[in-house]
Amino acid sequence: MPVTWTDHDAVLLDLDGVITPTAEVHMRAWSEMFNAFLDSYDGAATDLSTYTDADYFAHVDGKPRYDGVRDFLTSRGIELPEERVRELGDRKNDAFNDVLARDGVVAYPGSVALLDHLRDLGVPLAVVSSSANAPAVLAAAGLADRFGTVVSGAVAAELGLPGKPAPDTFVHAARELGAAVERSVVFEDAVSGVRAGAAGGFALVIGVDRGAGAETLSEAGAHLVVGDLAELVPGADA
Ligand SMILES: O=P(O)(O)OC[C@H]1O[C@@H](O)[C@H](O)[C@@H](O)[C@@H]1O
């Protein structure tokens, strides 16, 4: 389905897994931290089996850091004090930042191609990410100057905006760009993010299937699912 970009006020993109392959770095860091925790945990629980990528997609993907910790623990019948939840989230964050510093970030070429195309058309762009590390990831990928606004996990926390799957961070980004929600496009690879776009009443919610599954993203409310953003660039090899 070709999209007429100039019919829209703005394009709002999630970062990890949409623009940069950092969803995989998050996934590995979560897995390391949760499995170390599960191995040593001896309190009450309904399930202490290994944490897998299926757990990531179902409970953690796209959500603010501590919501992800809490929602996964709840799925295993584990209840921890908030202080402990934060400690686990911060442990994962250290692992994420170690990989970022060591390996750097190269954005998906297809995503850069679409960003170039949208820049040429003059379409206002925003990043809407649950990650507090979004500005660092954008800088590492050399894309920090491409967006009119970046609504990161840190910005959301500062403004008291509820995280995805609530639509508030996307709605805030649209407002910052002077764009109408019903004339703006959302790109998301996570079920929680697609739900946020659908709940916000955005014109077009485009799911990017990087592992969550095209059907799952459609069921969550994506109007269209692509495997790579290059599919939406006229004349690009997708
Ligand atoms: O812990 P951070 O960097 O603030 O990120 C929070 C979440 O940000 C999202 O963008 C990622 O999809 C999640 O995997 C991550 O947990």
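Colleague: Happy to start with a strand detail: which residue in S2 stands opposite Leu13?
Modeller: This is a predicted model, where local features need pLDDT of at least 70, side-chain atom pairs count only at pLDDT 80 or more, and totals for chains, interfaces and linings use all residues. Residues are numbered from 1 along each chain as its sequence is written. Strand S1 (residues 10-13) pairs with strand S2 (residues 125-128) in the parallel sense over three bridges; strands (E, at least two residues) and helices (H or I, at least four) are DSSP runs numbered from the N terminus, and pairing takes at least two DSSP bridges. Opposite Leu13 in S2 stands Val127.

Colleague: Nice! And which residue of S3 is the bridge partner of Val128?
Modeller: S2 also pairs with strand S3 (residues 149-151), in the parallel sense and over three bridges. In S3, Val128 has as its bridge partner Val151.

Colleague: Which helix joins S2 and S3 in a right-handed β-α-β unit?
Modeller: Right-handed means that, with the strands pointing away from the viewer, the path from the first strand over the helix to the second runs clockwise. The helix in the unit with S2 and S3 is H6.

Colleague: Now the domains: which element gives the largest share of the side of domain 1 that touches domain 2?
Modeller: The domain assignment, automatic or from a database, gives domain 1 (5-21 + 106-232) and domain 2 (24-103). In domain 1, 17 residues are in contact with eleven of domain 2, contact being C-beta atoms, placed from the backbone, within 7 Å. Helix H6 (134-140), helix H7 (153-159) and helix H9 (191-200) each give two or more residues to that side of domain 1. The largest share, three residues, comes from H9.

Key. Contact = placed C-beta atoms within 7 Å.
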